[in-house]
Structures are given as structure tokens and as C-alpha cells.
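Me: Could you take a close look at the aromatic side chains in this one for me? I'd like to know which rings pair up and what sits around them.

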Amino acid sequence: MTDFPQALTIAGTDSGGGAGMMADLKTMQARHVFGTGVVVAVTAQNTIGVQDFMALPTKLIDAQFESLAADLKIKACKTGMLADAKHVQAVVRNLKRYDFGPLVVDPVMIAKGGAALLATDAVQVVRSELVPLATLITPNLPEAEQLTGLTITDAAGMVAAGVALQKLGAQNVMIKGGHQTDAKRARDFVLLADGTAFWLSAPRTATSRTHGTGDTLSACITAELAKGQPLRAAIRTGKAVVTAAIAATIQVGHGHGPLNHWASPSLAVTEDEA
């Protein structure tokens, strides 16, 4: 009765439904995994931007973790928006207390509309306390720069950032190249714990409807890990799902619109050894 694949997202809500915990749960459902959540923060948000947010009391975060551990069989988990240093530390404390399987860290720092979702003083806590717990970390280029202190302008910079994040303690690293808007293809660099490195590439879609891209990717990888898929296969599936979800656009909202979580995985993703 408890063997059905179950995954956990530890993140903030998005009242607009396109990102954060809402995107995570939609993605997990689409991948045939039962999704659960520990809410760290609540946002007032739509496709135009984040109007306000409030982090929950850490006592309630502790209670959510305890509640899940007492009943469910979580096979993989992920983090998203964690708000500030105090809340990052609360999440780290609970991740050390309970075994929820492989951990995918999506180091959410800035929303698509530009709003800060992680306080400046929390970056060091993420770097020193959360990153070492990560089975996989999936930063975009600005997030990778913040965590490593490097400036990333090309493929060599992405490789260097991957190596630096492994030195910080992350077992596996996926540096997302979506912010390189001058490129015809969206290329991501993956560095695995055994030293294997490769690139994933897919056609770039010219659209502003990319709200929740990082959440969807990390949630998809988490869902695949909960099903027992190998990490490399899970990462490739994540790339294929996000590529299709961006390309098969839906018309919702007036700003950075959401992805299409109904889309079937794209067959246009290619893989090349680094």
C-alpha cells in the first residue's frame, strides 16, 4: 500500500499556478508520481511578477516534515524557494533528521519577473549547509555565479562552475544554459559524481512563456528518481519534458506565462560527451 512512487517538494507557493510548489506538483502528477509538499513560504504572484510573500514559522515547517515522515514513504525530494537563512537552516535540519531519498536542490534566487526569492544573507547558508546535502543541484547561470563566485560567459565557464559546485559538496551538478539567449540551442552541462560529464542540448523556443521552467525541470528529475530511474536517465527526461512544455505553449496570463505541463517529452534533446 505504501510502495506507490511518492515525492516531496519543499518550496514556496505560486498563487498564479505557474511556478513553485504548484508547478512541482503538476509535474509530479504528469510523471505518475504522488506529490507531497512542505510549504516554506506563500507568495502573492502571477505571470507579471511577485507582489508579496511571507515565510511560514519554522515550527510549522518542522511539523510538516514530521507529519510526512510519520505516514508516507517519500522516495525522492527537492527544494525550491527557501526565503532566508533561518528557513534554509530549518529545512537543512529536517533533511538531516528524515530520510526522504535523493535530494534535488533547485537554488531558487530570483523570480522570472526579477523579484528576489532568497535573501542575500541566505546565499552563504545555501552554499555551506544545503549544497553539501544535494544528490543533484540544478542552478541556472546567475544562480551558479552567485554560488561559486565565478563569472560564466561560455561553455568553459559552465564547466568550471560545475567543478566548483562539486567542490562545495554537491554530488552531481546540472548547470542550465537557458540564460544564454544568443544561442540557437539551449545547452546544459552535467557533471556526475563519478567524473562523467556531458551536455544536453535542445532547440530554443522564442517565447516569454517560461515561468516555472527551473521548478518543472527539478520536479521532473525528482519524480523520475522516486520511480527508481537512474540519475542520468532522470536528468535527460527532465530536459525532454521542459523542452516540450516550453514549445507547446499555452496562453495564460499577460506576462511570463506558464509552461504546458500536459506536453509529452520532446524527442529533440541530444546528448554529447564533454
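Reply: Phe 65, Tyr 98 and Phe 100 form one aromatic cluster. This is a predicted model, where local features need pLDDT of at least 70, side-chain atom pairs count only at pLDDT 80 or more, and totals for chains, interfaces and linings use all residues. Residues are numbered from 1 along each chain as its sequence is written, and side-chain values use heavy atoms, with hydrogens and water left out.

There are 4 aromatic pairs in the structure. Rings of Phe, Tyr and Trp (its six-membered ring) pair if their centres lie within 6.5 Å; planes under 30 degrees apart are stacked, over 60 edge-to-face, and the rest tilted. Phe 65 and Tyr 98 are stacked, because their planes are at 5°, with the centres 6.5 Å apart. Phe 65 comes from helix H2 (residues 58-71) and Tyr 98 from the loop between helix H3 (85-97) and strand S5 (103-105), so the pair ties together parts 33 residues apart in sequence. Helices (H or I, at least four residues) and strands (E, at least two) are DSSP runs, numbered from the N terminus. Both Phe 65 and Tyr 98 are buried, meaning under 20% relative accessible area (exposed is over 50%, partly exposed in between; 1.4 Å probe, protein chains only).

Then there's Phe 189 with Trp 199, a tilted pair at 5.1 Å centre to centre and 55° between the planes. Phe 189 sits in strand S8 (residues 185-191) and Trp 199 in strand S9 (residues 197-203), so this pair ties together parts 10 residues apart in sequence. Phe 189 is buried at 2% relative accessibility, and Trp 199 is buried at 8%.

Trp 199 also has Arg 187 over its face, 4.2 Å from the ring centre; a charge counts as over a ring if NZ of Lys or CZ of Arg is within 6 Å of the ring centre and within 35 degrees of the ring normal.
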